[in-house]
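Trainee: Please take a close look at one part of this protein, the charged side chains that pair with one another. I should also be grateful for a connected account of what surrounds them.

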Amino acid sequence: MLSQVFTNEQGAFANWFPVFIGAGIGLYFSLPFEPSLTLSLVTSLGLWGMVLGRIFFHSAATLHGSSEATYVLVKYFLIAVALASTGFASAAYRTDSVAAPILEREFGPSYFEGRIIQIEPSSPGQRYLLDNLTGKAFKWLSTPQIIRLKSNLEQENIRVGMRVRVLAVIQPPSRPNIPGGFNYARHAYYQKIGAVGYILGKVKIVEEQPSNDKQYIANDIGMTAAEVRNSIVRKVGKHLDGDQKDLVVTFLTGQKGGLSKGTKEEIRDAGLAHLLAISGLHMGLMAGILFFVIRFILALFPRVALNFPIKKIAAMAAIVFCFFYLLLINHPLSAQRAFIMVAVSLTAVVLDRKALSIRTVSVAAVFLLLIYPEVLISASFQMSFSAVLALVAFFEWYSQKKPEQKFIGKIVHNIKLTCYCSLVASLATAPFVLYHFHSLPLFGILANLVAVPFTAFVLMPLVLICYVFLPLGAEGLIIQVLGQAFEFLLWVARVVAHIPYGEWRLGAFPVSALTIVTLGGIWLCLIKTKLRWYGAVPVLLFVIYINVFIEKPDVLVDPKSQLVGITINDTLYLNSTKRSRFVSRIWKQDLALNNVKSWDELSRDYLKCDAESCHLTLQGMEVSLINDGTAFPEDCNQGLLLIAPKHKVPRWCNNRSRVGDDYPMLDYWKLRKGGVHSISLTGEMPTIHTVSEFVGDRPWNRDN
């Protein structure tokens, strides 16, 4: 069967290159330790040497019968392994190349000075990225290359390039707040952010850096683009406020941090979150509009139209404009993928080749994975490429059907096609949405049926016109029109988001399940013969797994904030609802729970507390939560799981219960070392998972 697959699919084997490269990158990030960069590079070079030797030094005369099939299988197997080793080595090299100091511990309040390299809207206030740092803290601690600070104040006089002084509290980027959760420390590492924190009071200017400084502009294009974004935010703020302002800023600059939490949730619940991530839809529309407008203008001049290839000129001009658009919106990963695809497609137009195919998607994926290997584990990359790959594969199949000829038939056909596209994209991204956000909008197809055409024919043309008027200072009217257009989009989102039973919530599941369904989906999209339907098997296994085998932990412990949570049915009970609300919100989201309540509302059948300790009875097992050290003499010999977030378990505290000394005792030091603990009380012994066992000993992790 493998021989048949390779024989029939040889022409499309290159489409699998990003899959094998991604496998190597995935292996790198799954390791609990940091591998040797030298060994990774040598291994990759050795494997490519074997591939070249197999191809160029194999005697063609020996290829006949079964030996030919064996040769083909071995050749493609070696290429696949070599590509995987390339992905692994590129990830190791990328990690080594971006290494920067990370703050060891929390410090402050204290005064810090630095140069502003980026300003982002936030709700409320602003976020700042600073480099060239000085401060008292850095006499004893490592000096980060970049720090990210949040301010609740919005100061319009602050510009990118200024050197400022702030009173702030800083700390290392945080590890996951639940085992297997999102690792912000890893995300910050690849942006060279070594500390995060919050500002107390106003940002004070130490040294002005005018944005029209020619040397400044020449030396740092990124900071120039950041100041242009900042100026656009200020101009929009003069004409709009609230959600209208935030949405216009999102589409013009790619900065969505200013959106309120409620608005984000409504847009997400309506299945329109993809509109906020500048990606293929926006870049494709921008390229398409520019291509046709430039070609139309050139066609107005007969001498130009008759003597020059205006179609190819328009394609190249659209690529250039889209590149500057990419810089303006701060080149998010989804937009980079979209730009590469647009560039490849328009280059194909210049070369008189087919503009859009799975090969285009593969080229974009290979570029991104080799340059930024860490994108593989990001929600943006996974959702973006899954949607695009599924849509291209669908169109290659759908294009074989005969088109409608009658006018009414064409209208019906286009409506059906829009629904199909929304359905295909929703199904392709569903596993990744559930894995990262634990919530899937069920009526997104209704919202997209209105929102996507509205974005294509109204919003993006208005955005392009706005870009034309902004440098002229005549943007007021068009910004107000854009604000009203976004008000309509918000109305659509609110209507769909409040449809009853419009959301499917699912607790966290292991990355292995996501890997299986991903491989099944890739097989369905890339294989051309009837063998493609074997890809439905892992998809079906994934559906069965998430509906049958997902279990929620019974107890969660955060040693840093001394927050303890108990999950019963769809409710999270906390020892304090005011303590560390951010952590409790993450717990609620990742476990797909509906309510958060205080321990005081728990029945005494579950929890009994006194001044010294609390005794929890759950799943037929007892847990003792120690509040005071005087509880140890009694609870040490009760056959309980001991959790003491504030104390060290005394040496004399030996548990002589029915399971002997192996019964776990989690004291202050064990909890601090392991990070957040999740405890499942099913079975004879508790099952305990920690953040440390998931994050491993990697460069971006610190015991904080």
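**Charged pairs and their surroundings**

Mentor: Arginine 127 has a relative accessibility of 21%, so this residue counts as partly exposed. The model in front of you is a predicted one, and every value below is computed from it. The class of arginine 127 follows from the cut-off, because buried means under 20% relative accessible area. Glutamate 120, in contrast, has a relative accessible area of 16% and is therefore buried. The side chains of these two residues, arginine 127 and glutamate 120, form a salt bridge with an N to O distance of 3.2 Å.

Glutamate 120 takes part in another pair as well. A salt bridge joins its side chain to that of arginine 148, here with 3.4 Å from N to O. This second pair connects distant parts of the chain, since glutamate 120 belongs to strand E1 (residues 107-121) and arginine 148 to strand E3 (residues 146-151), 28 residues apart. Glutamate 120 can thus be read as a shared partner: arginine 127 meets it in one salt bridge, and arginine 148 meets it in the other.

How many salt bridges does the structure hold? The count is 15. One of them is formed by glutamate 374 and arginine 94, whose closest N and O atoms are 3.0 Å apart. Arginine 94 lies in helix H4 (residues 66-97), whereas glutamate 374 lies in the loop between helix H14 (358-371) and helix H15 (379-398), so this pair ties together parts that are 280 residues apart in sequence. Are the two residues buried or exposed? Both glutamate 374 and arginine 94 are buried.

Salt bridges may also be joined into a network. Asp243, Glu266, Glu487 and Arg494 are linked in this way. Asp243 leads us to serine 260, a residue located in the loop between helix H8 (242-253) and helix H9 (261-269). When neighbours within four places in sequence are left aside, serine 260 is in contact with Asp243 and Ser123. Serine 260 has a relative accessibility of 25%, so it counts as partly exposed. For a sense of distance, compare serine 260 with leucine 376: they are 116 residues apart in sequence, and their C-alpha atoms are 28 Å apart in space.

From the network we may turn to an enclosed space. Rolling a probe the size of a water molecule over the atoms shows where empty space is left. A search of the whole structure finds one cavity of 30 Å³ or more, and the largest cavity contains about 50 Å³ of space. Which residues line the largest cavity? They are Leu247, Ile267, Leu272, Leu275, Leu276, Leu489, Leu490 and Ala493. By class, this lining consists of eight nonpolar residues, with no polar and no charged ones. Helix H18 (residues 476-497) gives the most to it, with three residues.

An open space can be described in the same manner. The second largest pocket holds about 690 Å³ of space. Its lining has 21 residues, and the closest to the centre are Phe324, Tyr325, Leu328, Tyr467 and Pro471. Helix H7 (221-237), helix H10 (280-299), helix H12 (310-328) and helix H17 (444-469) each supply at least two residues of this lining. H7 gives the most, with seven residues. The lining divides into 18 nonpolar residues, two polar ones and one charged one.

Finally, let us set the salt bridges beside a covalent link. A disulfide is a covalent bond between the sulfur atoms of two cysteines. The structure has one disulfide, which joins cysteine 609 to cysteine 614 with an S to S distance of 2.0 Å. This link of cysteine 609 and cysteine 614 is right-handed, with 115 degrees about the S-S bond. Cysteine 614 has a relative accessible area of 5% and is therefore buried, whereas cysteine 609, at 43%, counts as partly exposed.

Why does cysteine 322 not form such a bond? The closest cysteine sulfur, that of cysteine 466, is 17 Å from the sulfur of cysteine 322, and this is too far for a bond. Cysteine 322 is buried, with a relative accessible area of 0%. Cysteine 421 counts as buried too, because its relative accessibility is 18%.

Methods: Residues are numbered from 1 along each chain as its sequence is written. This is a predicted model: local features need pLDDT of at least 70, side-chain atom pairs count only at pLDDT 80 or more; totals for chains, interfaces and linings use all residues. Side-chain values use heavy atoms; hydrogens and water are left out. On a 1 Å grid over the protein atoms alone, a cavity is a set of points where a 1.4 Å probe fits but cannot get out, and a pocket is an open set with protein on both sides within 12 Å along at least five of seven lines; lining residues have an atom within 4 Å of a point. Grid points are joined across faces, edges and corners, and a volume is the space filled by probe spheres set on the points. Helices (H or I, at least four residues) and strands (E, at least two) are DSSP runs, numbered from the N terminus. Ala, Val, Leu, Ile, Met, Phe, Trp, Tyr, Cys and Pro count as nonpolar, Asp, Glu, Lys and Arg as charged, and the others, Gly among them, as polar. A salt bridge is a side-chain nitrogen of Lys or Arg within 4 Å of a carboxyl oxygen of Asp or Glu. Buried means under 20% relative accessible area, exposed over 50%, partly exposed in between (1.4 Å probe, protein chains only). Contact means heavy atoms within 4.5 Å. A disulfide is a pair of cysteine sulfur atoms within 2.5 Å.
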